Amino acid sequence: MTDPIADYLTRIRNAVMAGHKVVEVPASNIKKDITKILYEKGYILNYKFEDDNLQGIIKIALKYHPETREPVIKSLKRVSRPGLRQYCDKKQLPRVLNGLGIAVISTSQGVMSDKEARANNIGGEVLCYVH
């Protein structure tokens, strides 16, 4: 697999479109960090890291609105990819839907949302957009 982050986002996107409650993805440190950000920002209901003596598995409980059963995650878009990396300076950090969504940024201080990177005054590689 050449782009594990794109695979991670595609698995979540497909599970949301199919209306699944839980999705399982192979684990890595960056995927764990992205999952924590999605949980902190309220895009997923819960998550659990399981160790299977190999790579490990991330179980993600997807979040839907109670009355309408609409998914909370409307769009997941991979920005930086192995063939074309996208880096942003601290002054050029993207705003997703004018601040309604988040951009996940990989910085020298770890993976964080665009708002946290702006607060810490650092730039980095733009991994994906979520709204």
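How are α1 and α2 oriented to each other? Keep that in mind while you walk through this predicted model. The answer comes at the last stop.

**Stop 1: the sheet**

Select residues 22-26, which make strand β1. Add residues 44-50 for strand β2. Then add residues 57-62 for strand β3. Three strands form an open sheet, and the order across it is β1-β3-β2. The pairing is antiparallel. At the edges sit β1 and β2, each with pairing on one side only. Turn the view to look along the strands. Neighbouring strands are turned by 20° against each other on average, direction ignored.

**Stop 2: β1 beside β3**

Keep β1 and β3 in view. They run antiparallel, joined by five bridges. Click V23 and look across to β3. Its bridge partner there is I60.

**Stop 3: β2 beside β3**

Now move to β2 and β3. Six bridges link this antiparallel pair. Pick K48, whose bridge partner in β3 is K59. Next pick N46, which has A61 as its bridge partner in β3.

Follow the chain from β2 to β3. The two strands form a hairpin, with six residues between them. Stop at N53 in the turn. N53 has a positive phi of about 60°.

**Stop 4: the helices on the sheet**

Bring back the whole sheet. Select residues 4-18, helix α1. Helix α1 packs on the sheet and touches β1 and β3. The direction of α1 makes about 165° with that of β1.

Now select residues 29-40, helix α2. Helix α2 packs on the sheet too, touching β1, β2 and β3. The direction of α2 makes about 155° with that of β2.

**Stop 5: helix against helix**

Hide the strands and keep α1 and α2. Their axes come within 10 Å and cross at roughly 40°. Angles under 35 degrees count as roughly parallel, and 65 to 115 as roughly perpendicular. The crossing of α1 and α2 fits neither, so the two helices are oblique to each other. That settles the opening question. The crossing is also right-handed.

Show the side chains where the helices meet. From α1, select P4, I5, Y8 and I12. From α2, select I30, K31, I34, T35 and L38. These residues make the contact. What kinds of residue are they: nonpolar, polar or charged? Seven are nonpolar, one is polar and one is charged. Colour the selection by residue type to pick them out.

Terms used:
Residues numbered from 1 in each chain as written. Predicted model: local features only at pLDDT ≥ 70, side-chain atom pairs only at ≥ 80, totals over all residues. Heavy atoms only, no water. Pairing = 2+ DSSP bridges. Helix = DSSP H or I, 4+ residues; strand = E, 2+ residues; numbered from the N terminus. Axes fitted to C-alpha atoms, helices over the stretch in contact; angles between N-to-C directions. Contact = heavy atoms within 4.5 Å. Parallel < 35°, antiparallel > 145°, perpendicular 65-115°, else oblique. Left-handed = near helix turned anticlockwise from the far one by under 90°. Nonpolar A, V, L, I, M, F, W, Y, C, P; charged D, E, K, R; others polar.
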